[in-house]
Amino acid sequence: SMDMKGLLKGSNSVAPTMMATGFMPHMLPTEMTMDMHMFGTMYAISDKWTLMGMLHYLDNEMSMPMGKMDSKGIGDSKIAGLYELAQGDSRRRMHLKLGLNLPSGSIDEKYDGQILGYGMQLGSGTYDFEPAITYLAQTENYSYGAQLGGILRIGENDQDYTLGNKFEATLWGARKITEPLSASAKFDYSSQSEVDGKDTRMNEAMSPALDPKSQGRDITTFGLGLNYYFQNGGLSGHRLAAEWETPIDQKVNGVQLELDSVWTLGWQYAW
């Protein structure tokens, strides 16, 4: 669940006026929430290869002075292969992810007959290559790791635009509190460029939500999490996790809403 509130121009807060932003005041977003539901499965076909698939369901809501608008439905789907590159011992390893985003999410979402902005659409409309490389190490009471990855868009969608490419980097660590309970902390950095091309159904002069140059940002976040792993009984093999993230630095392209916080709740079962 992601919450955004207040306007940024670059890295500075701006007043919601036409003079400050260059857009119509009644079309300036004031806040947005996005609830993303992710359903995934992984299967190891060998000691080296693991296959992964994921489906998304999105529920977006954006508020402007002129009113609220929303979009909801199936988002893009993902398939990926994970390959173990190296294993120093049973507690240190490195793997490569080769992923592909499938454009199952709509890019034709409307509200009251008007096309919604880029951030309110449910998908990218393109096939996207998603590589990543991950290092993970574990000791008796600690684990830590790092990941570098990104999203590389392939071609244009059927509305003649392409969402910006994205680079992502993560550092994390966790400590065991009790045998089943651990706490974690992480730093995330991501950089996404603006939209290439534009959706001609949108009037970019009206609102930053419709402006291809007001998409994408550089952002660094800090997160804290708790993980509980059931080791005995009927729930053995189940894991529950909760994580909170907040930005420590962000710079947007053009004019955009400021990210406030992200909450992630998860349930996993391994067998």
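Q: What is a salt bridge in a model such as this one?

A: A salt bridge is a side-chain nitrogen of Lys or Arg within 4 Å of a carboxyl oxygen of Asp or Glu. In this structure, which is a predicted model, the side chains of Lys-186 and Asp-188 meet that condition with an N to O distance of 3.0 Å.

Q: Are Lys-186 and Asp-188 buried or exposed?

A: The cut-off for buried is under 20% relative accessible area. Lys-186 has 15% and is therefore buried, and Asp-188, at 17%, is buried as well.

Q: Which residues are linked with Lys-186 and Asp-188 in a network of salt bridges?

A: Salt bridges can be read as a network when residues are linked through them, and here Lys-186 and Asp-188 are joined in such a network with Glu-243 and Glu-245.

Q: How many salt bridges does the structure hold, and which parts does the one between Glu-130 and Lys-78 tie together?

A: The structure holds 14 salt bridges. In the one between Glu-130 and Lys-78, the closest N and O atoms are 2.8 Å apart. Glu-130 belongs to strand E10 (residues 127–138) and Lys-78 to strand E6 (residues 77–89), so this pair ties together parts that are 52 residues apart in sequence. The two partners are placed in separate accessibility classes, since Glu-130 counts as buried at 8% relative accessibility, while Lys-78 counts as partly exposed at 25%.

Q: Where do Asp-108 and Arg-201 lie, given that they form a salt bridge?

A: The closest N and O atoms of Asp-108 and Arg-201 are 2.8 Å apart. Asp-108 lies in the loop between strand E7 (92–102) and strand E8 (110–111), and Arg-201 in the loop between strand E15 (196–197) and strand E16 (217–229), so the pair ties together parts that are 93 residues apart in sequence. Asp-108 is partly exposed at 39% relative accessibility, and Arg-201 is partly exposed with a relative accessible area of 30%.

Q: What does Met-34 touch, leaving aside residues up to four places away in sequence?

A: A list of contacts of this kind leaves out the sequence neighbours, and for Met-34 it holds Ser-1, Met-2, Leu-58, Asp-59 and Asn-60. Met-34 is found in strand E3 (residues 31–44). A C-alpha distance can be set beside the separation in sequence, and Met-34 and Met-4, which are 30 residues apart in sequence, are 8.7 Å apart in space.

Q: Which residues other than glycine have a positive phi, and where do they lie?

A: Among them is Asp-112, whose phi is near 55 degrees. Asp-112 lies in the loop between E8 and strand E9 (114–115), and at 70% relative accessibility Asp-112 counts as exposed. Another case is Asp-160, with phi near 65 degrees, in the loop between strand E11 (142–154) and strand E12 (161–162).

Q: What do the totals say about the chain as a whole?

A: The chain has 1 helix and 18 strands. A compact globule with 271 residues would have a radius of gyration near 18 Å, and the 20 Å of the chain agrees with this. Along the principal axes, the C-alpha trace spans about 60 × 35 × 35 Å. Of the 271 residues, 37% count as buried, and residues 24 or more positions apart account for 61% of the contacts with a separation of 6 or more. The chain exposes about 15,000 Å², of which carbon and sulfur atoms supply 58%.

Q: How many positive and negative charges does the chain have, and how far apart are their mean positions?

A: There are 22 positive and 33 negative charges, and their mean positions are 5 Å apart.

Definitions and conventions: Residues are numbered from 1 along each chain as its sequence is written. This is a predicted model: local features need pLDDT of at least 70, side-chain atom pairs count only at pLDDT 80 or more; totals for chains, interfaces and linings use all residues. Side-chain values use heavy atoms; hydrogens and water are left out. Helices (H or I, at least four residues) and strands (E, at least two) are DSSP runs, numbered from the N terminus. Contact means heavy atoms within 4.5 Å. Buried means under 20% relative accessible area, exposed over 50%, partly exposed in between (1.4 Å probe, protein chains only). The radius of gyration is taken over C-alpha atoms; the globule rule is 2.2 Å times the number of residues to the power 0.38. Accessible areas come from the Shrake-Rupley method with a 1.4 Å probe; for residues, only the protein chains shown count as cover. Lys and Arg count as positive and Asp and Glu as negative; His and the chain ends are not counted. The place of a charge is taken as NZ of Lys, CZ of Arg, CG of Asp or CD of Glu.
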